[in-house]
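Here is a friendly set of exercises to work through with the model open beside you. Try each task before reading its solution.

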Amino acid sequence: MASGSGLLWVWTCVVALTPVMTCPLSCHCIEKNGMKMVQCMSRNLEAIPPDLPRDTAVLLLAFNHITHIPRHAFRDLNYLQELDLSNNDIETVDVGAFQGLSESLLVLNLANNRIESVPKEAFTRLRARISLSHNPWHCECTLQEVLRELRLDPETVNQVICHSAVQEEYAGKPLIQVLDSGINFCNFHHKTTDVAMFVTMFGWFTMVIAYVIYYVRHNQEDARRHLEYLKSLPSSSQIGKDLDTISTVL
């Protein structure tokens, strides 16, 4: 009996330590070349399935309606090598969205979405080849700094187009070509910040000057009224002369 209990305990531990092998209802899971492929393409998904097998090596989520990649979305997928999120409606990518994939992920496809910008830390430490083509990118300093850290897919790098930019003259042009021409969007960012600071300081300075002028004029009027009042009072000739002198000065 004790032996049976021991075997049961060992079996329970093995099950607990074995990666989750269940397949989401909205997906189709197959083994290919010794790797698990989870195929969830064209399933009208609006979010990334939460119950993905932990031993997933290839995850295909293309042609759905996913709009957001949340933080830790793939945290437990330590064996994931290829992730296809192309042809969705993705607009936002959270910081840490791909956290936990830096060692395993080799290919990441985010092409044909609605991404305009991403935070600097969205792709931290990823070594994967990444496709970002056919998104409505807003070309500015943050995007430039993000791309500096990425390994872009060379076949699609010229399809990363500036849909808009901090300088309108660069809208509609491939981002890599703009950067290769020597343009630095971070310089534009600093100049814009400096101008905004100058305008703010000038506004405060103008308000201070206006207040000083108002204060001086207001006090001059009070002083004159006070002198006129003093003149109307009976006084010695000397006091009258002194008051006339003060009045002349004011």
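**Exercise 1: a pair of charged side chains**

Aspartate 89 counts as buried, because its relative accessibility is 18% and buried means under 20% relative accessible area (exposed is over 50%, partly exposed in between; 1.4 Å probe, protein chains only). Before going on, a note on the ground rules. Residues are numbered from 1 along each chain as its sequence is written, and side-chain values use heavy atoms, with hydrogens and water left out. The model is predicted: local features need pLDDT of at least 70 and side-chain atom pairs count only at pLDDT 80 or more, while totals for chains, interfaces and linings use all residues.

Task: find which side chain aspartate 89 meets in a salt bridge, and work out which parts of the chain the pair ties together.

Solution:
1. Start from the criterion: a salt bridge is a side-chain nitrogen of Lys or Arg within 4 Å of a carboxyl oxygen of Asp or Glu.
2. The side chain of arginine 114 fits, with an N to O distance of 3.6 Å to aspartate 89.
3. Next, place both ends: aspartate 89 sits in the loop between β5 (82-84) and β6 (92-93), and arginine 114 in the loop between β7 (107-109) and β8 (129-131), so the bridge ties together parts 25 residues apart in sequence. Helices (H or I, at least four residues) and strands (E, at least two) are DSSP runs, numbered from the N terminus.
4. Finally, check the partner's surroundings: arginine 114 has a relative accessible area of 46%, so it is partly exposed.

**Exercise 2: two further bridges**

Task: the structure holds five salt bridges; characterise the ones made by lysine 36 and lysine 120.

Solution:
1. Lysine 36 and aspartate 55 meet through their side chains, at 3.9 Å from N to O.
2. Because lysine 36 belongs to strand β2 (35-39) and aspartate 55 to the loop between β2 and β3 (56-60), this bridge ties together parts 19 residues apart in sequence.
3. Both lysine 36 and aspartate 55 are buried.
4. Lysine 120 forms its bridge with glutamate 145, where the closest N and O atoms are 2.8 Å apart.
5. Lysine 120 lies in the loop between β7 and β8 and glutamate 145 in helix α2 (residues 141-148), so here the linked parts are 25 residues apart in sequence.
6. Lysine 120 is partly exposed at 48% relative accessibility, and glutamate 145 is partly exposed at 23%.

**Exercise 3: helix α2**

Task: say which residue caps the N-terminal end of α2, and which residues of α2 are buried.

Solution:
1. Glutamate 140 is the cap: one of its side-chain oxygens lies 2.8 Å from the backbone nitrogen of threonine 142.
2. The buried residues of α2 are Cys141, Leu143, Gln144, Val146 and Leu147.

**Exercise 4: from alanine 111 to serine 131**

Task: list what alanine 111 is in contact with, then follow the list to serine 131 and find its polar partner.

Solution:
1. Alanine 111 is found in the loop between β7 and β8; at 5% relative accessibility it counts as buried.
2. Contact means heavy atoms within 4.5 Å. Leaving aside neighbours within four places in sequence, alanine 111 is in contact with Ser86, Asn87, Ser131, Ser133 and Asn135.
3. A C-alpha check: alanine 111 and glutamine 159 are 48 residues apart along the chain, and their C-alpha atoms are separated by 9.4 Å.
4. Now move to serine 131, which lies in strand β8 and is buried, with a relative accessible area of 7%.
5. Not counting residues up to four places away in sequence, serine 131 touches Leu108, Asn109, Leu110, Ala111, Asp153 and Thr156.
6. Its polar partner is threonine 156, side chain to side chain, at 3.3 Å. A polar contact is a pair of N or O atoms within 3.5 Å; within protein, one must be able to donate a hydrogen and the other to accept it, and residues adjacent in sequence count only if both atoms are side-chain atoms.

**Exercise 5: backbone angles**

Task: describe the positive phi values of serine 42 and phenylalanine 63, and where these residues sit.

Solution:
1. Serine 42 is not a glycine, yet its phi is positive, about 55°.
2. Serine 42 lies in the loop between β2 and β3 and is partly exposed, with a relative accessible area of 48%.
3. Phenylalanine 63, also not a glycine, has a positive phi of about 60°.
4. Phenylalanine 63 is placed in the loop between β3 and β4 (68-69), and at 46% relative accessibility it counts as partly exposed.

**Exercise 6: the whole chain**

Task: how many helices and strands does the protein have, and what share of its residues is buried?

Solution:
1. The protein has five helices and 11 strands.
2. Of its 250 residues, 32% are buried.
3. Among contacts between residues at least 6 apart in sequence, 44% join residues at least 24 apart.
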